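Please work through the exercises below with the sequence and the model open beside you, and try each task before reading its solution.

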Amino acid sequence: MAFTPYQLFLAGLMLVTGSLNTLSTKWADRQTSHFCDGTGGNVTFEHPFLQGVGMFLGEFLCLLAFKFIWYSTAQYRIERMVYKGDASSRIVRYWPIKIQRETRLVDGEQTFNPFIFWIASICDMLSTCLSYIALNYTSASSFQMLRGSVMVFTAILSVIFLRRNLTWKQWLGILTVVAGLAVVGISDIIFSKHPEGNHTNMEKIAGDALILVAMLFTSFQVVYEERFVRKHNIPPLQVVGWEGTFGFCTLGLLLIPFYFIIVPTSNSGPDHRLEDVPTAFCQMGGNWVIILATLGNVFSIAFFNFAGISVTKELSSTTRMVLDSGRTLIIWIVSLALQWQAFYPLQIIGFILLVIGMGIYNDVWTNLFRRFITRPPISSERSQLLPSHQDASVYESTSNIPPNAAASFADTVNT
């Protein structure tokens, strides 16, 4: 199958921005700068909650992108009688940009209560904050690989809460992924003799455990969306934007009480607050690299969500899964090249097991065999799949949702 230049652009955009999202956050975590009072010399930048607000800001940008596409294509859709809004509104009549082409990014219903996304944003917020705390403790490659556990948790929760029946092939994929996760965790325990930043090896292991807990919250988010949100058939880009809006407002307000909570082990500032925003901005002012890395986190998550959704629509969920595995590989290679971590051969085995397990669960290998060896698949794999934080969705039209939609691609949730 030949890819169009636009499809190749989307695939490259997803790979680059998805990799940059994790790498830019880790880059900021590795920087040092002084506190506001000038004490303590240069101290590492550890502000996971503020970074979480930045990630939600990036997701909010997806809502702005959706509104731009919505109004820019409104006249075109009105002429074809497929516009699902108020065609007589002033903003539609006076919108200066007119795009005369069809786009699937705005397909879906608009009659829904936005507050249905608030619970999902809470799960996303917990997952994001725990993930960014963990990224201070562990390497970027281990962080990305262990995020594959979201597929396992989502599958199990879908069986418990959604009464899904998994096939033997899916259970085999889950067991393979678990084996890969175990190998990655063991490599950190056995072979990692170097602490991450100012943290001990035990804290590095604790960071790996935090990633698993974070992915459990992501799985709750996916199952909740499957149960309560999917029925509305809302455009995925709009879903990401609304969850980013609620996450930004909720976590942004929580930064106020976090400032008054003292945690002795916190390195956010000289007073060891749970989150010290003034100190964070002082450190940014003292090291421009932190500002650059933070902006990279905000914009990369926005473009990654846009590219991920577009890849699923233009190509397939299978292609997206392959690209997401490539993102993990890129993060690993870049981390090694920048000497952010040592090379552990055991991680290669863990990565291969993760890719094989995810492929088995999502039926990737069967589809690839049909496409390139025997014959094209009978039905199109295109869907309206939504990524999480991090990259996953369950927003497909009701005619295309398979029995195990809640967990079919949860492993691609974004940070």
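The exercises that follow concern a predicted model, and each task is followed by a solution in steps.

**Exercise 1. The overall make-up**

Task: State how many helices and strands the secondary structure of the protein comes to, and what percentage of the residues is buried.

Solution. Begin with the secondary structure, which consists of 15 helices and 2 strands. Next take burial: of the 415 residues in the protein, 55% are buried. Then turn to the contacts between residues with a separation of 6 or more, of which 79% are accounted for by residues 24 or more positions apart. Finally, consider the surface, where the protein exposes about 17,700 Å², with carbon and sulfur atoms supplying 69% of that area.

**Exercise 2. The nonpolar cores**

Task: Find which residues have the most contacts inside the largest nonpolar core, and which elements give two or more residues to this core.

Solution. The largest nonpolar core has 30 residues, and those with the most contacts inside it are M14, F45, F49, L251, L255 and V311. The elements that each give two or more residues to this core are α1 (5-29), α2 (48-72), α5, α10 (236-259), α11 (277-286) and α12 (288-314). Of these elements, α12 gives the most, with 6 residues. A second core, separate from this one, has 24 residues, including V150, L166, V177 and F351. As general background, nonpolar side chains in soluble globular proteins tend to be buried together.

**Exercise 3. A nonpolar patch on the surface**

Task: Identify the residues that make the nonpolar surface patch of about 530 Å², and decide whether I156 is buried, partly exposed or exposed.

Solution. The patch is made by I156, I160, F161, W171, L216 and F220. Two elements, α7 (149-161) and α9 (201-229), give two or more residues to the patch. The largest share, 3 residues, comes from α7, and I156 is found in this helix. The relative accessibility of I156 is 36%, and I156 therefore counts as partly exposed.

**Exercise 4. Charged pairs**

Task: Of the salt bridges in the structure, examine those of R80, K84 and R273, giving the partner and the N to O distance for each.

Solution. The structure holds 5 salt bridges; the general principle is that side chains of opposite charge can pair when their charged atoms come close. In one of the bridges, the side chain of R80 meets that of E79 at 3.6 Å, N to O, and R80 counts as partly exposed because its relative accessibility is 44%.

The side chain of K84 meets that of E109 at 3.3 Å, N to O. This pair links distant parts of the chain, since K84 lies in the loop between α3 (74-79) and α4 while E109 lies in the loop between α4 and α5 (118-137), 25 residues apart. K84 has 43% relative accessibility and so counts as partly exposed, and E109, with a relative accessible area of 33%, is partly exposed.

The side chain of R273 meets that of D271 at 3.3 Å, N to O. Here R273 is buried, because its relative accessible area is 15%, whereas D271 has 41% relative accessibility and therefore counts as partly exposed.

**Exercise 5. The surroundings of Q347**

Task: Decide whether Q347 is buried or exposed, and list the residues that Q347 touches, not counting those up to four places away in sequence.

Solution. First locate Q347, which is found in helix α14 (residues 345-361). Its relative accessibility is 0%, so Q347 counts as buried. With residues up to four places away in sequence left out, Q347 touches S141, S142, M145, S187, D188, W332 and Q341. With Q341, the side chain of Q347 also forms a polar contact of 3.4 Å.

**Exercise 6. Separation in sequence and in space**

Task: For the pairs E226 and S158, and I91 and Y71, compare the separation in sequence with the C-alpha to C-alpha distance.

Solution. E226, placed in helix α9, is 68 residues from S158 in sequence and 9.0 Å from S158 in space, C-alpha to C-alpha. With a relative accessibility of 4%, E226 counts as buried, because the cut-off for buried is under 20%. I91, found in helix α4 (residues 90-94), is 20 residues from Y71 in sequence and 7.9 Å from Y71 in space, C-alpha to C-alpha. I91 has 40% relative accessibility and therefore counts as partly exposed.

Notes: Residues numbered from 1 in each chain as written. Predicted model: local features only at pLDDT ≥ 70, side-chain atom pairs only at ≥ 80, totals over all residues. Heavy atoms only, no water. Patch = residues over 30% accessible without salt bridge, like charges linked within 9 Å, V, L, I, M, F, W, Y side chains within 5 Å. Areas by Shrake-Rupley, 256 points an atom, 1.4 Å probe, with all protein chains shown as cover. Salt bridge = Lys/Arg side-chain N within 4 Å of Asp/Glu carboxyl O. Helix = DSSP H or I, 4+ residues; strand = E, 2+ residues; numbered from the N terminus. Buried < 20%, exposed > 50% of the residue type's maximum accessible area, 1.4 Å probe, protein only. Contact = heavy atoms within 4.5 Å. Polar contact = N/O pair within 3.5 Å; in protein donor to acceptor, adjacent residues only side chain to side chain. Core = buried A, V, L, I, M, F, W, Y, C linked by side-chain atoms within 4.5 Å.
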